[in-house]
Amino acid sequence: MTDTARPDPGQGGWHVDDRCTNCDVARQLAPGLIGEADGRSRVLRQPRDEAETRLLHTAAYACHTRSIRPPAGQRLDPALDPFPLALDDSVWLCGHNSTHTAAANSYLLRRRSGSVMVDTPRWSEALAGRYEALGPVTDVLLTHRDHAAHGRRWADRFGARLWIHEGDLAAAPDADRVLRGVEPVEVADGVVAHPLPGHTEGSVLYVADDRYCFSGDSLYWSRTTADIEVVESVTWYSIEELAASLVRTAPRLRFEWLLPGHGDRKRLPAAETARRMAELTDRVRSLRPQPIDFSAVRW
């Protein structure tokens, strides 16, 4: 690959090249080392020790444009690729985000009957072997149309069932299982799908064990507001429908981990997430449609 990277102003060594789309993934994984400036990520300072070098590698191996670059003349060290990255004893962050899913994060959830993949990383046969090392994958759960690009290929590779909601079926017309309506449905051992029309017509939350909420692009943790937020400036279908979905669904939800496709992850006591979800519902009910504006997202 031709290196078109331009070092961050005033810095040598590690840098972010011009392909950065300001997706926030690298900043989630290397806080304090990578920050935001002028609508893109920037390396704030060079690593001081091995642990910080590992953090930069983690960010680099997640970045969908491979924009986190080591010093000139050096390459990323494959031995420092940490993915899949354990978040706790049951959930792993897949990393290796894809340009075809707008840099969305994806996850592996271990079940007694086999693992579940929620949304997908970039396609790679080598990566498939890594994920399978955690156990067979029985289901690939798509949260919505924007994250469907690699779903069929991953499901076929694993011999897994591919799931999507009927509202977004055009993005995965060959899905094996189609969620319908707005009522909760158990889709795997202890995993419940909660249809949540709003961001897209077929958006879905997947909640496992009353502990993990895989929220796609419907909800995320904002470091700016230090709260659970919706992506109000990038709501493709209807902010009013999203408000109605939250009114219907939020009281049913119980979880500790918020695990979005875009935006930061957060773990809080279940009682606190329930309180924040109720407050979010009230806030979203007051929102009105606005033009799509990616730059307005409050990461």
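The following dialogue covers a helix pair and a sheet in a predicted model.

Student: What makes the values usable?

Tutor: In this predicted model local features need pLDDT of at least 70 and side-chain atom pairs count only at pLDDT 80 or more, while totals for chains, interfaces and linings use all residues. Residues are numbered from 1 along each chain as its sequence is written, and side-chain values use heavy atoms, with hydrogens and water left out.

Student: Why are α3 and α4 called oblique to each other?

Tutor: Helix α3 (residues 125-132) and helix α4 (residues 151-158) pack at about 55°, with axes 11 Å apart. Helices here are DSSP runs of H or I with at least four residues, and strands are runs of E with at least two, numbered from the N terminus. Axes are lines fitted to C-alpha atoms, for helices over the stretch in contact, and angles run from 0 to 180 degrees between N-to-C directions. Under 35 degrees counts as roughly parallel, over 145 as roughly antiparallel, 65 to 115 as roughly perpendicular, and the rest as oblique. The pair α3 and α4 is therefore oblique.

Student: Which residues make the contact of α3 with α4?

Tutor: With contact meaning heavy atoms within 4.5 Å, α3 supplies Glu125, Leu127, Ala128, Gly129, Tyr131 and Glu132, and α4 supplies Trp154, Arg157 and Phe158. These residues divide into five nonpolar, one polar and three charged. Ala, Val, Leu, Ile, Met, Phe, Trp, Tyr, Cys and Pro count as nonpolar, Asp, Glu, Lys and Arg as charged, and the others, Gly among them, as polar.

Student: What makes strand β15 mostly covered?

Tutor: Five of the five residues in β15 (residues 212-216) are buried, that is, under 20% relative accessible area (exposed is over 50%, partly exposed in between; 1.4 Å probe, protein chains only). Tyr212, Phe214 and Gly216 lie on one side, and Cys213 and Ser215 on the other.

Student: How do you know that β14 and β15 pair?

Tutor: Pairing requires that DSSP finds at least two bridges between two strands. Strand β14 (residues 204-208) and β15 have three bridges, in the antiparallel sense, so the definition is met. Tyr206 stands opposite Phe214. With β18 (residues 257-260), β15 runs parallel over four bridges, and Cys213 stands opposite Leu258.

Student: Why do β12 and β19 count as edges?

Tutor: The open sheet has six strands in the order β12-β13-β14-β15-β18-β19, with mixed pairing. β12 (185-188) and β19 (266-267) each have a single partner strand, so one side of each is left without a neighbour in the sheet. β19 pairs with β18 in the antiparallel sense over two bridges.
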